[in-house]
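Subject: Structure handover

Hello,

Here is the structure I said I would pass on. Please look it over before reading my notes underneath.

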Amino acid sequence: MSRVIAIQNSFTSGELDPKLLSRTDLKAYETGLTTALNVVVLPQGGVKRRPGLKFITELGGSPENGIRLVPFEFNTSDAYLLAFTHNRMAVIKNGVLQTNIAGSGNNYLTTTITSAMLTKMCWTQSADTIITVQEDMAPKKITRTSDTAWTIADVTFDFNPQYAPSFTIVDTSSAGTLTPSAVSGNITLTAQHSIFSSSHVGQYVNVIGGNSFGRARIVEFDSVTVVKAHVEIPFFNTDAIANASWELETGYVDTFSGSKGYPRSACFHQGRLYFGGSKSRPSTIFASRINEFFNFNPGEGNADDAFVATLDTNQLNAIVDIISANYLQIFTTGGEFYAPQEFSDPLTPTNFIAKLQSSHGSKENVRVQNVAGGTLYIQRQGKALNEFLFSSGEDAYTSTQISLLSSHLLNTPTDMSIRKATSTDEGDRLALVNSGDGSMAVYTLLRDQQIVAASKFTTDGTFLNIATVVSDQYATVLRKKPAQATCTIVVSDYANIAAGSTVVVTKQDGTTFTATAITSGSAGAGQFLVQTNNNTTADNLAACINNDAGFAAPNPGAATITVTRADRGADNTTVTTSDATRLTVTQFVNGTTDEYYVELFDENVTLDSAVTGANASSASVAHLGHFSLKIIGDGVMQADTTAGASTVTFPTATTSTFEVGLDYTVTVKTLPIEPSIQGYASLKGFKKRVLEVNAFLNETQNLTINSNTIPIRTLGTDNLDVGIPSFTGTKTLHGILGYSLTGQIEIGQSAPLKLHLLGMDYKISTGA
């Protein structure tokens with residue numbers, strides 16, 4: 001029997017993949033965890049209870065069919081979250097929903113962006129305008145002029161990029177003269193030829209004659225024989241055009257249109273608007289003219305003209321996202337590219353090339369995130385989180401899998417957002433939403449210290465989206481609200497329903513409501529008249545039930561009555577009848593309704609979907625009606641309470657602050673202990689017992705160790721009538737019972753209060 005003392009003074013590897021449980025040789029094993037649930041790993045090495053979620057608003061506009069959160073940062077004081085649902089855009093500023101948008105009287109801007117478009121929607125922003133794109137939607141321009149003044153309109157292109165899947169050249173050299181409008185500069189040509197028709201507007205004319213060469217686009221058709229074209233490449237000898245030969249190119253169409261589709265992604269870079277791919281040209285980059293964001297005219301090929309470039313490799317590279325960083329970066333389904341710029345020269349039509357750097361491929365619909373000079377993206381199959389980072393040693397970009405030790409936390413990721421550190425007490429926090437289980441995989445990142453620490457966030461519901469506005473990180477959450485249970489009563493063969501037949505509803509508290517049949521006279525309280533036919537009898541029974549405040553039975557209009565319980569989630573309510581043949585009943589069925597909330601991660605709250613306030617005896621919690629709620633009043637935990645339809649009454653009125661919301665589980669579990677004992681290469685097969693744990697804490701109010709609650713207050717010293725004080729120091733637990741092969745230590749909480757674990761040491765007894 002041996003006793004050893006072990007210490008874990010850092011958790012900076014976060015939660016490790018279960019497949020690494022035998023890798024005690026890894027340095028990450030020394031600072032890793034089996035479970036890091038609902039905690040944030042801090043760069044100093046400790047773990048802290050994750051921020052709670054503060055309720056902001058409920059989303060309308062069929063959110064069940066699609067939601068998209070878009071950050072909009074106009075300046076340091078005007079930053080917004082734009083929450084898109086079907087044909088709606090809600091605006092949130094500093095955690096407050098803006099109302100009466102565009103003077104409409106609504107708390108949203110009406111858009112034409114449907115639910116079907118939101119999943120694949122991409123966006124980019126310049127000043128007070130945001131451009132949204134999706135391959136089946138004409139690009140939208142959303143403009144802000146104040147907190148509540150927003151407009152939306154389709155983008156009008158000054159010049160739509162032209163595309164010729166296949167074109168035909170028609171020799172028109174026998175047509176005679178071309179008449180130029182001038183002899184220098186950009187000119188207009190007028191031509192006559194019977195081949196022209198109005199369908200040729202938008203097509204091109206090549207002109208060759210003497211020392212003259214040019215290419216002109218037809219912009220106008222005057223009559224059967226006369227067209228006008230604007231020259232796009234200047235002629236070197238424009239006075240010789242009259243003797244030129246020329247050819248008509250046909251087959252060009254607008255690249256962005258209802259028939260050919262629209263852009264897939266977008267970004268602003270070095271004074272141009274870039275579109276990455278379109279529905280018909282998914283591997284093509286489109287760059288606007290400098291400072292003319294909707295003009296894609298290739299013009300004369302000058303440095304400030306627009307240009308088009310296609311990523312030609314031996315595989316399909318459908319562009320997923322593009323981002324403006326130190327270079328223009330292009331992420332595709334087949335690989336990762338960048339556009340090099342020699343000596344920081346700007347990109348032009350003559351020097352643009354896209355160089356393939358890695359071939360992992362990016363997952364569609366998940367926007368890439370830029371942090372600390374690197375770009376984070378989800379690998380195409382959604383199994384890995386990669387970083388695209390420039391290596392000066394290799395003079396190229398490399399892709400590194402930063403989720404290698406924690407890929408088990410990625411469960412079909414569908415959204416991703418980075419919150420950049422605001423102080424030395426935190427790292428950059430990357431959150432990925434998992435559609436597979438509704439959780440979040442969360443990474444604390446600090447490249448300077450080589451920290452990549454993973455944890456998992458869960459809530460009483462399902463995470464759907466994530467977005468960061470400056471330092472505020474918002475999430476949309478699907479919460480299942482207890483529903484009003486229903487039952488049915490079917491009336492048949494009314495003529496044989498005997499007087500005195502009953503329908504009895506037994507409520508949750510044991511009281512009953514009885515509806516009794518009568519066959520003549522006027523129905524009194526608790527009675528229904530059987531008369532005329534089944535439908536009329538059902539109407540009378542419904543009216544009788546409606547007289548009880550606990551139930552609602554709308555006029556059925558037929559022989560089937562649907563009864564709805566007023567209370568949500570109340571169990572054990574039953575319905576019976578004395579005539580099961582003619583008054584057939586089904587029992588009450590409980591259920592839930594889906595509610596979609598925008599909530600804000602807030603360091604000052606420790607509950608989810610929380611409502612906060614000052615001194616009060618109750619709080620409005622309509623979004624959490626009929627949930628079982630935690631209440632923290634004046635820093636003291638009060639008894640759990642189930643809210644009514646819209647309010648919760650506190651067991652004890654508060655005099656300063658309150659917080660009401662939903663609890664979430666916090667778990668920090670060490671990896672299997674593997675102490676080093678001379679003469680033993682491994683102790684995996686030996687039983688172990690943890691004898692003592694010393695937990696090093698910082699400003700902590702609640703803590704459990706292996707399910708044992710650790711007292712924070714000191715009897716005889718602390719005032720028990722006020723909130724639990726924050727404790728900094730060491731708390732010790734002795735006498736932990738039981739042997740196991742792993743000897744793990746599990747830190748948790750019995751109340752939703754502050755927790756900050758810096759590290760711990762422990763004494764272990766082994767069978768060795």
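The notes below go through confidence, the cores, one helix and a few single residues.

Confidence. This is a predicted model. The mean pLDDT of the protein chain is 88, and 91% of the residues reach at least 70. By element, strand β6 (residues 52–58) has the highest mean, 98, and strand β22 (residues 226–231) the lowest, 66.

Cores. In soluble globular proteins, nonpolar side chains tend to be buried together. Here the largest nonpolar core holds 30 residues, and Ile705, Ile747 and Tyr762 have the most contacts inside it. Two or more residues of this core come from each of β1 (2–8), β3 (32–37), β4 (39–41), β40 (451–457), β60 (688–700) and β65 (756–766). A second core, separate from that one, has 24 residues, among them Ile489, Val505, Ala538 and Ile561. Back in the largest core, Ile705 touches Val693, Ala695, Ile710, Leu733, Ile745, Glu746 and Ile747, leaving aside its neighbours within four places in sequence.

Helix α3. This helix covers residues 534–546, 13 in number, and spans 18 Å from its first C-alpha to its last, close to the 18 Å expected at 1.5 Å a residue. Its buried residues are Thr537, Ala538, Leu541, Ala542, Cys544 and Ile545. Viewed down the axis of α3, these buried residues fall within an arc of 160°, so they line one face of the helix. In general, an α-helix has 3.6 residues a turn, so residues three or four places apart point the same way. Ala538, on the buried list of α3, is also one of the residues of the second core. The N-terminal end of α3 is capped by Asn533, with a side-chain oxygen 3.1 Å from the backbone nitrogen of Asn535.

Buried polar residues. Three are worth a look.

- Gln134 lies in strand β13 (residues 129–134) and is buried at a relative accessible area of 2%. The Gln134 side chain reaches the backbone nitrogen of Asp136 at 2.8 Å. Beyond its neighbours within four places in sequence, Gln134 is in contact with Ala116, Met117, Lys120, Met121, Tyr262 and Pro263.
- Glu249, in strand β23 (residues 245–250), is buried with a relative accessible area of 5%. The side chains of Glu249 and Tyr252 make a polar contact of 3.1 Å.
- Ser362 sits in the loop between β32 (355–358) and β33 (369–371), and is buried with a relative accessible area of 2%. Not counting residues up to four places away in sequence, Ser362 touches Val320, Phe331, Thr332, Thr333, Glu336, Tyr377, Ile378, Gln379 and Arg380. Of these contacts, Glu336 is 26 residues away along the chain, with a C-alpha separation from Ser362 of 7.8 Å.

Positive phi. Most residues other than glycine have a negative phi. Which residues depart from this here? Asn87 has a phi near 60°, and Asp493 has a phi of about 50°. Asn87 is in the loop between β8 (79–85) and β9 (88–93) and is partly exposed, with a relative accessible area of 24%. Asp493 is in the loop between β43 (484–491) and β44 (502–506), and counts as partly exposed at 36% relative accessibility.

Regards

Key. Residues numbered from 1 in each chain as written. Predicted model: local features only at pLDDT ≥ 70, side-chain atom pairs only at ≥ 80, totals over all residues. Heavy atoms only, no water. Helix = DSSP H or I, 4+ residues; strand = E, 2+ residues; numbered from the N terminus. Expected span 1.5 Å × (residues − 1). Buried < 20%, exposed > 50% of the residue type's maximum accessible area, 1.4 Å probe, protein only. Arc of directions from axis to C-beta. Polar contact = N/O pair within 3.5 Å; in protein donor to acceptor, adjacent residues only side chain to side chain. pLDDT = per-residue confidence, 0-100. Core = buried A, V, L, I, M, F, W, Y, C linked by side-chain atoms within 4.5 Å. Contact = heavy atoms within 4.5 Å.
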